[in-house]
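User: Hey, got a minute to walk me through this one? I'd like the fold first, then the interesting side chains.

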Amino acid sequence: MYHRRTININRVVKLLQGAARSGASIPEILDKCNIPRQMLDDPDGTIERDTFIRMMLLIMTQTQRSEEHTSELQSPGGSR
């Protein structure tokens, strides 16, 4: 089975767009994954597969926290 070692930047951009809609901090994610912001503008750019996986895990962590915080605010007796 062939495993891709790099991920096209277009896939990264789409993932980040979805993450932003879910409340993730894109600058923080890029910083923690060592992805320069200008790389997102390079249509031929790629990132390592391991970096992509780390980015997905960070996004999942951030969006889960965001959803939990939103649930707390909306629940009766939650912080407001």
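Analyst: Sure, here's a tour from the overall fold down to single residues. Keep in mind that this is a predicted model.

User: Fine. How many helices and strands are there in the chain?

Analyst: The chain has 3 helices and 2 strands. Going along the sequence, they come in the pattern β-α-α-β-α.

User: And what share of the contacts is between residues far apart in sequence, say 24 or more positions?

Analyst: Taking contacts with a separation of 6 or more, 71% join residues 24 or more positions apart.

User: OK. What about burial and surface for the chain as a whole?

Analyst: 28% of the 80 residues count as buried. The accessible surface is about 6000 Å², and carbon and sulfur atoms hold 49% of that.

User: Which residues have the most contacts inside the largest nonpolar core?

Analyst: Those are Val12, Leu16, Ile26, Ile29, Ile47 and Met55, in a core of 17 residues. Helix H1 (9-21), helix H2 (26-32) and H3 each give two or more residues to this core.

User: Pick one of those. What does Ile26 touch beyond its sequence neighbours?

Analyst: Leaving out residues up to four places away, Ile26 touches Leu16, Ala19 and Ala20.

User: Now H3. Is Phe52 buried or exposed?

Analyst: Phe52 sits in helix H3 and is buried, at 11% relative accessible area. Setting aside neighbours within four places in sequence, Phe52 contacts Ile7, Arg11, Val12, Leu15 and Ile47.

User: How many residues separate Phe52 from Leu15 along the chain, and what's the C-alpha distance?

Analyst: They are 37 residues apart along the chain, with 9.7 Å between their C-alpha atoms.

User: There are threonines in that helix too. Where does Thr51 stand, buried or exposed?

Analyst: Thr51 is also a residue of helix H3. Thr51 counts as buried because its relative accessibility is 13%, under the 20% cut-off. Apart from residues up to four places away in sequence, Thr51 touches Cys33 and Ile35.

User: And Thr63, buried or exposed?

Analyst: Thr63 is in helix H3 and is buried, with a relative accessible area of 13%. Not counting residues up to four places away, Thr63 touches Ala19, Ser22 and Ala24.

User: What lies 3.3 Å from a polar atom of the Thr63 side chain?

Analyst: That's the backbone oxygen of Met60.

User: Switching to the outside. Which residues form a nonpolar patch on the surface?

Analyst: Ile53, Met56, Leu57 and Met60 do, with about 340 Å² of accessible area together. Take Ile53: its place is in helix H3 (residues 49-74), and it is partly exposed, with a relative accessible area of 33%. So Ile53 at 33% clears the patch cut-off of over 30%.

User: Good. Now charges: how many salt bridges does the count come to?

Analyst: The count comes to 2 salt bridges. In one of them the side chains of Glu28 and Lys32 meet, at 3.0 Å from N to O. In the other, Arg37 and Asp41 pair up through their side chains, at 3.6 Å from N to O.

User: How far apart are Glu28 and Lys32 in helix H2?

Analyst: They are 4 residues apart in helix H2, so about one helical turn separates them.

User: Are those two buried or exposed?

Analyst: In between. Glu28 is partly exposed at 31% relative accessible area, and Lys32 is partly exposed as well, at 47% relative accessibility.

User: And Asp41, from the other pair, buried or exposed?

Analyst: Asp41 is exposed, with a relative accessible area of 57%.

User: Last thing, backbone geometry. Which residue has a positive phi although it is not a glycine?

Analyst: Asn34 does, with a phi of about 55°. Asn34 lies in the loop between H2 and strand S2 (46-48).

User: Buried or exposed, that Asn34?

Analyst: Asn34 counts as exposed because its relative accessible area is 65%, over the 50% cut-off.

User: Great, can you give me a quick recap of the helix H3 residues?

Analyst: Sure. Phe52 is buried at 11%, Thr51 is buried at 13%, and Thr63 is buried at 13%. Ile53 is partly exposed at 33% and belongs to the nonpolar surface patch.

Definitions and conventions:
Residues are numbered from 1 along each chain as its sequence is written. This is a predicted model: local features need pLDDT of at least 70, side-chain atom pairs count only at pLDDT 80 or more; totals for chains, interfaces and linings use all residues. Side-chain values use heavy atoms; hydrogens and water are left out. Buried means under 20% relative accessible area, exposed over 50%, partly exposed in between (1.4 Å probe, protein chains only). Contact means heavy atoms within 4.5 Å. Accessible areas come from the Shrake-Rupley method with a 1.4 Å probe; for residues, only the protein chains shown count as cover. Patches are made of residues with over 30% relative accessible area and no salt bridge: like charges are joined within 9 Å, nonpolar side chains (Val, Leu, Ile, Met, Phe, Trp, Tyr) within 5 Å. A salt bridge is a side-chain nitrogen of Lys or Arg within 4 Å of a carboxyl oxygen of Asp or Glu. A nonpolar core is a set of buried Ala, Val, Leu, Ile, Met, Phe, Trp, Tyr and Cys residues joined through side-chain atoms within 4.5 Å. A polar contact is a pair of N or O atoms within 3.5 Å; within protein, one must be able to donate a hydrogen and the other to accept it, and residues adjacent in sequence count only if both atoms are side-chain atoms.
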